[in-house]
Amino acid sequence: MSAYNSYLKADVLHSLQAPVTDTEGERSFLVVCQVQELYFGLVVTELRFAAQHLRDGETAAAVTALRRAADHFTGLNASWKSLEWMSVGDFLPIKAGLGATHGKSSSLQSWKYRELVFLLGIRPPELAEPVATMPAEHKALLDTLGEPSIYDDVLALLSRRGLPVPDVVLQRDPQVHHQSHPDIEQAWTTVFYSGDPALADLRSCGEALMRIAEGYAEYKHLHLVATRRTFGHRPGYYGTSGLGWLAETATEVPFTELWSMAPEAG
Ligand code: HEM
C-alpha cells in the first residue's frame with residue numbers, strides 16, 4: 001500500500017466498473033456516470049456546509065462554500081464532453097444490456113441528484129418516489145424535503161439583516177414550493193443596487209447563488225442535448241418521450257427573485 005493509494009483508494013475506484021456489454025464505448029458511459037454521481041455528492045456537501053454557516057451567522061464562510069459549489073458545476077458540466085462521441089447506435093445496446101442485467105433503470109433513481117435538486121429548492125415530492133426501493137436513502141430524501149432549501153436559508157439571512165422578506169415565505173412548510181414574491185425582488189434590488197457597503201456580503205451571496213443556478217441550468221441543457229443525440233423521443237422511465245420529459249424540466253430555474261429583481265431604469 002502506498003500513501004497515494006491509502007488516501008485516494010485508487011485500487012477501489014478502479015475496481016468499480018462492471019460493464020454489462022462488450023462494447024468498447026460502455027466504459028466511458030459508466031465512468032462519466034460515476035464521475036457525475038461523485039460531483040452530485042460533492043455539490044450536496046458544499047450546500048450543506050453553506051447552510052450550516054448561514055445558520056451560524058458566518059456569511060463569508062457560506063459564500064466560500066457556495067462559490068466552491070458553483071465551481072463544481074463547471075467540472076460536472078465538462079464531463080459531458082467525454083460523451084460527445086456517442087450517438088444512438090452506441091447508446092441503445094448499453095441501455096439494453098443494463099436492462100437485461102440490472103432491470104428497469106433510470107437515473108431518476110439517483111438519490112444524490114435528487115437531494116441536490118431538493119436543496120436548491122426545486123421540490124416536486126413525487127420525484128422522491130423512484131428512490132423508494134432504497135428505504136434509508138428514501139427516508140433521507142423525505143427528511144431533506146422537510147428542511148429549508150439553501151435559498152430559504154439565504155432569505156432568512158436577508159430577513160435578519162432587516163430586508164423585507166415576508167413571514168408567509170419564511171414560515172411556510174419547507175415542502176411547499178416557494179413562489180416568487182415582489183417584496184423579495186425588492187430586497188434583492190436593494191442588496192444589488194443600493195450601493196450600501198454594509199450589504200456587500202449579501203450581494204456576494206446572491207452572486208454565488210446565481211452562478212450555481214446557471215451551472216445547474218447548463219447541466220440540464222447538456223443532458224438534454226446528449227439525450228437528443230443518443231435516445232431522442234423513445235419512451236423513458238414514465239413511458240412517455242424521455243426527451244420530452246427532460247425538456248419540460250429544463251426550464252426550472254432556482255432562486256427565482258434573483259432573476260426578476262427590478263432596479264429603476266437610470
Ligand atoms: C447520454 C445518455 C443519456 C441518456 C439518453 C439519458 C436519458 C435520460 C432520460 C430520458 C431521463 C428522464 C427520466 C427517464 O426517463 O429515465 C434522464 C434523467 C436523468 N439522467 Fe440521464 N441520460 C443520459 C446520461 C446521463 C448521465 C451520464 C447521467 C449521470 C449520472 C444522467 C443522469 C440523469 C439524472 C440525474 C436524471 C434525472 C433528471 C432530472 O430529474 O431532471 N444521465 N436521463
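Phenylalanine 255 is buried, since 22 other C-beta atoms lie within 10 Å, where buried stands for 20 or more such atoms around a residue's own C-beta, exposed for 12 or fewer and partly exposed for what is in between, with C-beta atoms placed from the backbone. The model is predicted, so that local features need pLDDT of at least 70 and side-chain atom pairs count only at pLDDT 80 or more, while totals for chains, interfaces and linings use all residues. Residues are numbered from 1 along each chain as its sequence is written.

**Exercise 1.** Find where phenylalanine 255 and lysine 9 lie, and decide whether lysine 9 is buried or exposed.

*Solution.* Begin with phenylalanine 255, which lies in the segment after α12 and has a positive phi of about 60 degrees although it is not a glycine. Turn next to lysine 9, which is placed in the loop between α1 (3-8) and α2 (10-13); its phi is positive too, at about 55 degrees, although lysine 9 is not a glycine. Finally, count the neighbours: lysine 9 has 11 C-beta neighbours inside 10 Å and therefore counts as exposed.

**Exercise 2.** Work out how α3 and α4 are oriented towards each other.

*Solution.* First take the geometry: α3 and α4 pack at an angle of about 165 degrees, with their axes 8 Å apart. This makes α3 roughly antiparallel to α4, as angles over 145 degrees count as roughly antiparallel and those under 35 as roughly parallel. Then look at the residues, where those of α3, including Tyr39, Leu42 and Phe49, meet a set in α4 that includes Ala62, Leu66 and Phe73 (contact requires C-beta atoms, placed from the backbone, within 7 Å). By class, this contact of α3 with α4 has 14 nonpolar, four polar and two charged residues, with Ala, Val, Leu, Ile, Met, Phe, Trp, Tyr, Cys and Pro counted as nonpolar, Asp, Glu, Lys and Arg as charged, and the others, Gly among them, as polar.

**Exercise 3.** Work out how α4 and α11 are oriented towards each other.

*Solution.* Helix α4 (residues 59-78) and helix α11 (residues 200-230) pack at an angle of about 20 degrees, and their axes are 9 Å apart. The two helices α4 and α11 are therefore roughly parallel. The residue classes complete the answer, because the contact of α4 with α11 divides into 15 nonpolar, five polar and four charged residues.

**Exercise 4.** Describe the shell around the ligand.

*Solution.* The ligand is surrounded by 22 residues, of which Ser106, Ser107, Phe231, Gly236 and Gly242 are the closest. Two or more residues come from each of α3 (26-55), α11 and α12 (242-249). By class, the shell around the ligand has eleven nonpolar residues, ten polar and one charged.

Technical notes:
Axes fitted to C-alpha atoms, helices over the stretch in contact; angles between N-to-C directions. Helix = DSSP H or I, 4+ residues; strand = E, 2+ residues; numbered from the N terminus. Parallel < 35°, antiparallel > 145°, perpendicular 65-115°, else oblique. Near = placed C-beta within 6 Å. Contact = placed C-beta atoms within 7 Å.
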